[in-house]
Amino acid sequence: MLKDPKILILTAHYGNGHIQVAKTLEQSLRKMGIDKVTVSDLISESHPIMAEITRYLYLKSFSIGKQFYRLFYYSVDKMSNKRIMNLYVKLGHRRLQELVRTMNPDIIINTFPITVVPEYRTRTGLFIPTFNVLTDFCLHRVWIHKNIDKYYVSCEDLKRKLVQHNIPPYLVKVTGIPIRPHFEETIETSSLYAKYGLDPKKKILLIAAGAHGVLKNVKDLCESFFVRDDMQIAVVCGNNQSLKAELEPLQHRHPDRIKIFGYVERIDELFRICSCMITKPGGITLSEAAALQVPLILYKPVPGQEKENAELFASKGAAIVINKLEQVRDTVNDLFNHPEKMDEMKANLKLLHQPNAAESILQDILNEAEIMLSSVYQGSVNY
């Protein structure tokens with residue numbers, strides 16, 4: 001293994017998943033005794049105003065901007081707009097150059113598909129082992145580049161897609177997506193009900209609106225379940241304070257039926273005690289649900305990676321995808337009335353879970369980088 005390696009992790013703040021995976025990898029490296037680790041939100045650091053605008057448009061993709069995001073996602077995937085791609089491959093070059101000059105990294109890890117990173121090798125001739133950690137269960141072609149030395153993916157289906165795009169199988173490793181360590185732990189759950197004000201004798205429906213609280217129709221979803229006396233609802237609004245304020249009157253009127261939360265640091269605890277969950281199909285959320293086998297209802301997935309994530313999980317019998325509000329209540333009632341259906345979903349979720357993804361990825365990266373750099377130093381490989 002490389003001695004005292006310097007590792008640069010590059011990411012971007014679109015959604016919460018890419019940043020979260022970067023942080024999980026950083027924490028895992030530090031646990032391994034590797035301290036020379038830098039995490040960079042390359043696009044924000046390079047172009048802060050543009051990054052803020054595009055993040056705003058990304059969040060709008062969950063509401064009024066769905067069709068715009070669909071067009072952008074799939075047109076870039078087909079590489080049909082050369083002007084956009086020419087701009088994208090240059091995005092962040094100056095900042096990357098600065099990071100490489102000041103840090104002199106031995107390894108670069110991408111948790112967001114920033115094309116300027118593998119292009120840097122072509123432009124400068126400088127060889128730095130570069131690895132992509134994909135953060136969804138689907139493939140966007142912008143992840144693919146001739147100068148990526150290895151890909152780490154969530155599932156066999158994704159590996160097959162990369163191979164279909166002429167990536168050699170030995171350059172793709174199925175590891176799962178890195179998730180927070182709490183989701184890998186075994187803990188006692190009996191005290192968690194009191195911690196969150198929930199009744200252990202009732203079924204718990206968890207509605208997780210995402211880190212930015214972008215799940216739609218949450219109030220209507222909650223009200224549709226008040227007819228069941230054997231159910232209570234826990235809603236996690238993330239950082240969406242307006243959603244939390246909108247829902248809190250429901251808790252005041254029905255304190256025994258619904259609990260409203262903002263951002264929950266240990267959301268794994270709610271995952272552990274809920275009966276099933278309604279959520280949006282981000283790659284990290286799905287990976288965390290798979291780790292704890294939480295039956296999933298994926299509501300109104302937006303076009304792009306989340307829709308494709310949802311379709312993959314549905315095809316595996318690990319989730320139910322619903323696009324109409326009026327179908328949600330019947331689906332939840334059907335699951336609660338037929339626990340064997342939830343048991344089957346849990347078994348399928350378990351099959352999708354890859355334990356200890358962060359450790360598997362990092363051990364492999366360190367081994368691969370050592371071999372590559374040794375070959376370069378010996379002059380036996382021409383990169």
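Let us start close to the beginning of the chain, with Asp4, which is found in the segment before strand 1. The structure you are looking at is a predicted model, and this residue is a good place to get used to reading it. Asp4 is not a glycine, and yet it has a positive phi of about 50 degrees. As background, most residues other than glycine have a negative phi. Is Asp4 buried, exposed or partly exposed? With a relative accessible area of 45%, Asp4 is partly exposed, because that value falls between the 20% under which a residue is called buried and the 50% over which it is called exposed.

A second residue of this kind comes further along. Asn104, also not a glycine, has a positive phi of about 50 degrees. You will find Asn104 in the loop between helix 6 (93-103) and strand 3.

Now step back and take in the whole chain. It has 17 helices and twelve strands. Of its 383 residues, 55% count as buried. The chain exposes about 17,500 Å², and carbon and sulfur atoms supply 51% of that area. How much of the contact pattern joins residues 24 or more positions apart? Among the contacts with a separation of 6 or more, such pairs account for 69%.

The strands are the next thing to trace. Strands of a sheet pair through backbone hydrogen bonds, either parallel or antiparallel. One open sheet here has six strands in the order 2-1-3-4-5-6, and the pairing is parallel. Its edge strands are strand 2 (37-41) and strand 6 (172-174), each of which pairs on one side only. From one strand to the next, the twist averages 20 degrees. Inside this sheet, strand 4 (residues 130-133) and strand 5 (residues 150-153) run parallel and are joined by three bridges. Val133 has Tyr152 as its bridge partner in strand 5. Helix 1 (residues 17-31) packs on the sheet and touches strand 1 (7-11), strand 2, strand 3 (107-110) and strand 4. The direction of helix 1 makes about 165 degrees with that of strand 1.

Before leaving this part, look at helix 7 (residues 116-124). Its buried residues are Val116, Val117, Pro118, Tyr120 and Arg121. After helix 7 comes Gly125, whose phi is positive, near 80 degrees.

There is also an open sheet of six strands in the order 9-8-7-10-11-12, with parallel pairing. Which strands stand at its edges? They are strand 9 (258-261) and strand 12 (319-322); each has a single partner strand, so one side of each is left without a neighbour in the sheet. The twist in this sheet averages 20 degrees from one strand to the next.

Strand 8 is a handy guide here. Strand 7 (residues 203-208) and strand 8 (residues 231-236) run parallel, with six bridges between them. Ala208 stands opposite Val236 of strand 8. Strand 8 also runs parallel to strand 9, to which four bridges join it. In strand 9, Phe261 is the bridge partner of Val236. To get from strand 8 to strand 9, the chain passes through helix 11, making a right-handed β-α-β crossover. Helix 11 (residues 241-253) lies across both strand 8 and strand 9, and runs at about 155 degrees to strand 9.

With the sheets in place, we can turn to the nonpolar interior. The largest nonpolar core has 101 residues, and Ile207, Val235, Ile278 and Phe313 touch the most other members. Helix 17 (residues 357-378) gives the most to this core, with eight residues. What does Ile207 contact, leaving aside its neighbours within four places in sequence? Its partners are Leu215, Val218, Leu221, Cys222, Ile233, Ala234, Val235, Val236 and Ile278. Apart from this largest core lies another, of 16 residues, among them Leu8, Val100, Ile108 and Ile114.

Phe313 takes us to a last stop, helix 14 (residues 305-315). Buried in helix 14 are Gln305, Glu306, Glu308, Asn309, Ala310, Leu312 and Phe313. Just after helix 14, Gly317 takes a positive phi of about 70 degrees.

How values were computed
Residues are numbered from 1 along each chain as its sequence is written. This is a predicted model: local features need pLDDT of at least 70, side-chain atom pairs count only at pLDDT 80 or more; totals for chains, interfaces and linings use all residues. Side-chain values use heavy atoms; hydrogens and water are left out. Buried means under 20% relative accessible area, exposed over 50%, partly exposed in between (1.4 Å probe, protein chains only). Helices (H or I, at least four residues) and strands (E, at least two) are DSSP runs, numbered from the N terminus. Contact means heavy atoms within 4.5 Å. Accessible areas come from the Shrake-Rupley method with a 1.4 Å probe; for residues, only the protein chains shown count as cover. Two strands pair if DSSP finds at least two bridges between them. Axes are lines fitted to C-alpha atoms, for helices over the stretch in contact, and angles run from 0 to 180 degrees between N-to-C directions. A nonpolar core is a set of buried Ala, Val, Leu, Ile, Met, Phe, Trp, Tyr and Cys residues joined through side-chain atoms within 4.5 Å. A crossover is right-handed if, with the strands pointing away from the viewer, the path from the first strand over the helix to the second runs clockwise.
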